[in-house]
Structures are given as structure tokens and as C-alpha cells.
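Trainee: Could you take me through one strand of this model in detail, covering its surroundings and its pairing partners?

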Amino acid sequence: APANAYGVPPFRTADDFGTPDDRYFAQADWVIRRAADRGFLVLLTPSYLGHEGGPEGWYQAMRASGPSRLREYGRYLGRRYASFDNIVWVHGGDYNPPDKRLVREIAEGIREFDRNALHSAHCAPEARAVSCWAGESWLQIDTVYTYGPAVFAAHPKTERIPSVFIEGRYEGELDGTEQHVRMQAYQALLSGAAGHVFGNNPVWHFDGPGLFQAPTSWQEALGSRGTQSMAHLRTLFAARRWWTLEPDGGNATLTAGHGGIHERAVAALAADRAFAMVYMPTIRTLIISMDRLAGPLVTARWYDPSDGSYLPIPGSPFPVHGRRSFQPPGRNSSGFGDWVLALESGP
């Protein structure tokens with residue numbers, strides 16, 4: 001960086017946002033089209049700010065270029081990518097800038113020509129986009145970036161936009177395991193997130209230098225245990241009308257067994273009470289208020305999030321009255337204690 005793999009920099013004059021190099025962006029065009037051919041949505045950052053606005057990003061060059069050049073750069077991108085339908089623009093990058101005009105000019109320049117793409121933001125760790133960028137007209141998707149629990153707080157009523165978990169604990173970095181990846185994903189999705197992004201070391205830096213030693217090659221990491229777990233998560237949700245799920249914010253469905261803040265169990269119930277899902281990060285007893293489901297009977301199964309298999313629960317189906325305790329059968333197939341309790345109404 002900042003040149004691409006072929007040695008072509010993004011600007012004809014170094015750090016001057018008023019001189020975009022078509023050769024650089026033609027390569028980007030090719031990559032984004034290849035992604036579209038394979039059904040990938042691209043979260044595209046037009047100018048990565050960098051950690052604390054430092055030299056790994058573009059914030060200092062943005063300050064030197066100034067608002068008018070940044071607006072023209074945004075217009076350049078808007079004209080170039082208006083016909084692409086697989087882009088979400090993600091502004092910022094690891095930093096909450098003191099001068100928000102610099103980001104705003106790029107975003108509004110893009111929007112002058114690209115009216116269809118959605119815009120979001122990536123903030124510093126432990127920050128939320130609707131807080132950092134409150135009142136910005138271009139912000140259409142909220143994001144959360146945290147290394148801690150991914151249990152979403154309720155939106156302020158004035159910010160009725162979808163929220164996505166955009167970054168958290170990476171698999172293969174420090175203490176990041178497949179279980180960490182699963183825990184943040186299920187916590188986010190069952191507490192109201194519209195989507196989830198997960199990371200892996202060394203995939204994020206490929207063959208370049210990373211912050212931490214890579215345990216495998218990036219090619220091997222594409223099939224990591226955490227990646228496989230995300231495929232199983234998708235299978236679980238895709239088999240149900242997941243968009244009808246409502247977070248169990250008042251603990252009316254999962255009445256006990258939530259655990260501590262860092263290993264919080266989360267539950268969600270479908271709007272028509274046809275099904276519910278509960279994720280537990282570690283082994284514990286869950287207490288469920290069965291009358292929250294439509295019934296008249298409820299089939300209960302354990303879903304192993306590490307291999308995608310179901311285990312029947314003795315005595316199921318159960319009547320929909322009173323409270324019932326559920327204890328998992330032990331560790332899952334990967335040796336961790338996280339499970340999903342799947343509850344489904346039926347005759």
C-alpha cells in the first residue's frame with residue numbers, strides 16, 4: 001500500500017485526491033465485477049482513514065487535499081460506480097475523525113451520481129456509527145465494532161435504520177477461536193442485527209505483514225473452523241423465516257441462564273410465535289417460558305453450531321405451559337460448550 005498489486009497508485013500525484021489514476025480504478029472495477037459474478041456484496045471503503053488517523057490510512061492526505069478536492073473525488077467514484085449493484089459504501093475506517101467534513105464531502109460527492117447504493121461507516125473500536133455520525137444524511141446502515149459481547153442495545157427511536165455487526169474478535173488472533181466467532185455472530189443476529197461480518201488472521205492481510213503471527217496460510221484459513229461455523233449459521237437461519245425474529249429484550253422467553261456480560265446467552269422469538277432460538281456460549285441450564293410459543297406443542301432440539309447437526313431432546317415435543325429447563329448434552333463436536341436451542345411450534 002498505497003499502490004495496488006501491480007504497483008499502480010490511486011493518484012497520479014501522490015496523496016492528491018484531485019488526481020485519481022484511471023488505471024488503479026480499472027483494476028478495482030474488475031475485482032468488484034468478479035465479486036458480483038459470484039454473488040458477493042462488496043463493502044467498499046472509498047478512503048480508509050487509518051488507526052487514530054495515522055500513516056496506515058489516508059486521513060492526513062485527506063486533510064492536505066481539502067474539502068473541494070474530496071468532493072470531486074467522491075463525484076469521480078459516483079460516476080464510475082453508479083451502474084454497480086453490489087456495493088455498500090463504508091466510510092471512515094478504524095477512526096472517529098475530528099473533522100467530519102472530509103468524510104462527508106466524499107460521501108455526498110458519490111451520492112450526487114450514485115443514487116442507489118447504500119452508505120455506512122466503520123468507526124474506531126467500541127464505537128457505533130449512529131453515535132459517531134449522528135445526523136449525517138448519508139448514513140443508512142448503522143454498524144457496531146467491538147471485541148466484547150455483541151448484544152445490541154435498542155436503537156434510539158430517531159435512528160430507525162438497520163444495524164450490522166461489522167468487526168469483532170478475529171479467528172486466529174490473540175485468543176480468537178472459532179467459538180469467539182460464533183458467539184459474536186449469534187449474539188448479534190439474535191439481538192437484532194441485520195447482518196454480521198467476521199474476520200480471520202491471516203485472510204485479512206493475505207501474504208502481507210500482519211499484526212500477529214499467522215497460524216496458517218490464508219488459503220488454508222479460507223476453510224477454517226470459524227468459516228465452517230458461519231456456513232452452519234446460515235443453514236440454521238435460512239431454514240426459517242429469520243426476518244420475523246424479535247429479540248427477547250425483556251427476558252420473557254429466556255427467563256434464566258443468561259450468564260455474565262461477556263458470555264451472554266441470547267434469545268429471539270418469531271413475531272407469530274412459531275419458533276424461537278436461543279444461543280448459549282458456554283454450558284449452562286436454560287429456563288424457557290414455554291407459553292411464549294404458539295404451540296399447541298413445541299419440538300425442542302439442540303443444534304451444534306460447530307458442525308450443523310441436530311440432537312433430539314428426550315420428551316420432545318412439550319406442551320406450551322409453564323417453564324421448562326434445558327441442559328445441553330455436554331460439549332459440542334468441536335469441544336466447546338456453545339449450543340443453539342431450537343424451539344418450533346407444531347400440532
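Mentor: What follows is a close look at strand β11 and the strands beside it, in a model that is predicted.

Strand β11 spans residues 275-280, and because six of its six residues are buried, the strand is largely enclosed by the rest of the structure. The side chains divide between two directions, with F275, M277 and Y279 pointing one way and A276, V278 and M280 pointing the other way, yet all of them are buried. Since buried here stands for a relative accessible area under 20%, that cut-off applies to the residues on either face of the strand.

As for its partners, β11 pairs with strand β10, residues 266-270, in the antiparallel sense and over four bridges; within this pairing, V278 of β11 stands opposite A267. The two strands make up a hairpin in which four residues lie between them, and in that turn R273 has a positive phi of about 65°.

β11 also pairs with strand β17, which covers residues 339-346, and this pairing is likewise antiparallel, running over six bridges. Here M280 has W339 in β17 as its bridge partner, and M280 belongs to the set of buried residues that points the other way from F275, M277 and Y279.

Taken together, β11 is a strand with six of six residues buried, joined in a hairpin to β10 and paired in the antiparallel sense with β17.

Key. Residues numbered from 1 in each chain as written. Predicted model: local features only at pLDDT ≥ 70, side-chain atom pairs only at ≥ 80, totals over all residues. Heavy atoms only, no water. Buried < 20%, exposed > 50% of the residue type's maximum accessible area, 1.4 Å probe, protein only. Pairing = 2+ DSSP bridges.
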